[in-house]
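Here are a few exercises to work through with the model open in your viewer. Try each task before reading its solution.

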Amino acid sequence: MRAGFYPRLAITGIRKNGRLYLPYLLTCVGMVMMHYIIGFLSRYEGLLHIKGGDVMQGMLRFGSGVLAVFALIFLFYTNSFLIRRRNKELGLYNILGMGKGNIARIILWETLILAALALGIGLAAGIAFSKLAELAMVNIMQGEVAYTLSVSPQAILQTVILFVVIFGLILLNGIRRVRTTNPAALLRSENVGEKPPKANWLLGLGGLILLAGAYYLAVSIQNPISALVWFFVAVGMVIVGTYLLFISGSVLLCRILQKNKGFYYKPAHFVSVSSMAYRMKRNGAGLASICILATMVLVMLTGSACLYFGSEDALRTRYPRDIVCEIDLTSAQGTENETVDALRDRAEGILNAQGVDPSSLVDLRYGQVSGLLAEGQVETDPQRAGNALTAYDDLHQFFFVPLEDYNAMTGDHRTLAGDEALVYGDTESFPGDILSFRGGPAYRIVGELTDFPALGGAVISDVVSAIVIIVPDLDAAAAPLMAMTDSTGAPMLRLHWYYAFDTNAEESVQVAVAEQLWESLGEGSGSVDSLAANRSDFFGTFGSVFFLGILLSIVFLFATVLIIYYKQISEGFEDQARFGIMQKVGMTREDIRRSINAQMLLVFLLPLVTAVVHLAFAFPMVRKLLMLFNLTNLPLLLQTAGISVLIFAVFYILVYRLTSNAYCAIVSN
């Protein structure tokens, strides 16, 4: 054969099937572009000069790995649509005298052409748009913008290697399918219907059980750490359950509708329902894929946007005062007034020297110990508790606060006997009036507090349930527990002095005061934190999550659009003959449009509705995960979830309407 014969055939095949290849090529270009942009930003040297930039780089490297895996799976998935549509053409080549080796050469040239176009255009677009992505990233992180365009050779090389491997695997898969399929099967492949899966009710029941289990996990878990442990288990159950339910559900739905004669035997419903029944298994798998991608987009947008826009709330939860000092005390005797008074005098001296007038002051000593609480008994020794300390719902943080400090801070004049205590927190965990620690003190609970000045997210948070115990003598409570040690030899109970306050000083002054306090008070033990000094780190961390969420959401939106498009196009070609027959017996274009709209209402809104249901049940777990970032703003989370659903729903319906027009154009011809 003449030189250039196979490339010409490949180009002709791509051009004549442009309706199929153009969206696939655009998706490959988009994947290449996004991978280069993420790789470029993960190596961007300007991040090293922005607070939180190291976190952003780590998140972007993680996102690069996620995108690489997703690109491999998704391009394989979408390529199957192309192969299915081209099977008839390739089978005809085979019947006309071409061997399977010749057809493999055509596929080779098609893959080379698509790979060259995708890499060339994608890298060019990535380089062009990388500056825009850089500006958006730096703006989100509140850093300084550098107006210079740069190119990352390492990101280019990494992107080329990845997509050469992906296209190579796609090529091998295409050649394998040609070599293992006979020409007659290729010619008939487009018209081969799919048998409905056996025992549909078993698949449906299994899907319902998996979804019910995942939903139960999401709504029943109360502890954020438990939510983190079980999150990926629940995600896996939702994915498998959704596929099983959609595959079997499409079968059962078609059968139910076909048995309803009043509904089925109407022009608007007959063709759409019968065509769905013809490809019921693949129809369900495609809808399930759309549903899973939609759920991923909604969860990512909701969580990342809430983190970013709630950064200030999370910062205030973590640091309830402008400056927070938490100084470690080495022994029970260290809690005596003389020791703390000396620390306080040094702190007040620094504040006076800087002209800072503290307000909303919190000044107290406390002892902190973790333990497993059951019926008023607290086990603090991990060896005795065995693996029970992994039962996060039963794990508590206990804070012993002396009555003297509590009265001084609140202005109360409460009194307690030696074995009496007041509590604040999860008092439902010990319904009796006795709280005792193994090897430590025991107290009669004589009152429950309805409020207690917050010690901050570093001490009391929603991650592990906290119980504050107001005791008459901190040294008496701490001594026996400090005599017990953990596996590292450290005391089971830690003693601290907590000193926190607000100030009207400039942020630079606040940072300077915090540094001086640390030099004077810390001496290597404890911490002195400034809200102003940590604001940039918070915005950098949460901004990186938000930025990565936007990038991955764009990729998943690309995938959703392409699956919807290919579903419409492939089904349009399959339904063309059926609608042609119906047109010959009197079906009009208006009837075709009504039939398509009926199909949309019957099936295509199911992924959107199911994705919203998934998000609704995942909402409690998402909220618990956000608590790990000190974000407890429920109204903000509800608002971001509602806006995300609204925006995605409008986008989803718009995409479907556009692709349904292509479907209508195909079946009308």
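**Exercise 1: a ring pair within one helix**

Phe-648 has a relative accessible area of 4%, so Phe-648 is buried (under 20% relative accessible area; exposed is over 50%, partly exposed in between, with a 1.4 Å probe and protein chains only). A quick note on the setup: this is a predicted model, where local features need pLDDT of at least 70 and side-chain atom pairs count only at pLDDT 80 or more, while totals for chains, interfaces and linings use all residues. Residues are numbered from 1 along each chain as its sequence is written, and side-chain values use heavy atoms, leaving out hydrogens and water.

Task: is Tyr-652 buried or exposed, and how are the rings of Phe-648 and Tyr-652 arranged?

Step 1. Tyr-652 sits at 2% relative accessibility, so it counts as buried.
Step 2. Both residues lie in helix 20, 4 residues apart, about one turn of the helix. Helices here are DSSP runs (H or I, at least four residues), numbered from the N terminus.
Step 3. The ring centres are 6.1 Å apart and the planes are at 35°, so the pair is tilted. Rings of Phe, Tyr and Trp (its six-membered ring) pair if their centres lie within 6.5 Å; planes under 30 degrees apart are stacked, over 60 edge-to-face, the rest tilted.

**Exercise 2: a pair across the chain**

Task: classify the aromatic pair of Phe-309 and Phe-546, and say which helices it links.

Step 1. With 5.6 Å centre to centre and 65° between the planes, the pair is edge-to-face.
Step 2. Phe-309 belongs to helix 11 and Phe-546 to helix 18, 237 residues apart.
Step 3. Now check burial: Phe-309 is exposed at 55% relative accessible area, whereas Phe-546 counts as buried at 12%.

**Exercise 3: two packed helices**

Task: at what angle do helix 2 and helix 5 pack, and which kinds of residue make up the contact?

Step 1. Their axes are 9 Å apart, at an angle of about 145°. Axes are lines fitted to C-alpha atoms, for helices over the stretch in contact, and angles run from 0 to 180 degrees between N-to-C directions.
Step 2. On the helix 2 side, the residues include Tyr-24, Met-31 and Phe-40; helix 5 brings, among them, Leu-162, Phe-163 and Phe-167. Contact means heavy atoms within 4.5 Å.
Step 3. The residues divide into 12 nonpolar, 4 polar and no charged (nonpolar: Ala, Val, Leu, Ile, Met, Phe, Trp, Tyr, Cys and Pro; charged: Asp, Glu, Lys and Arg; the others, Gly among them, are polar).
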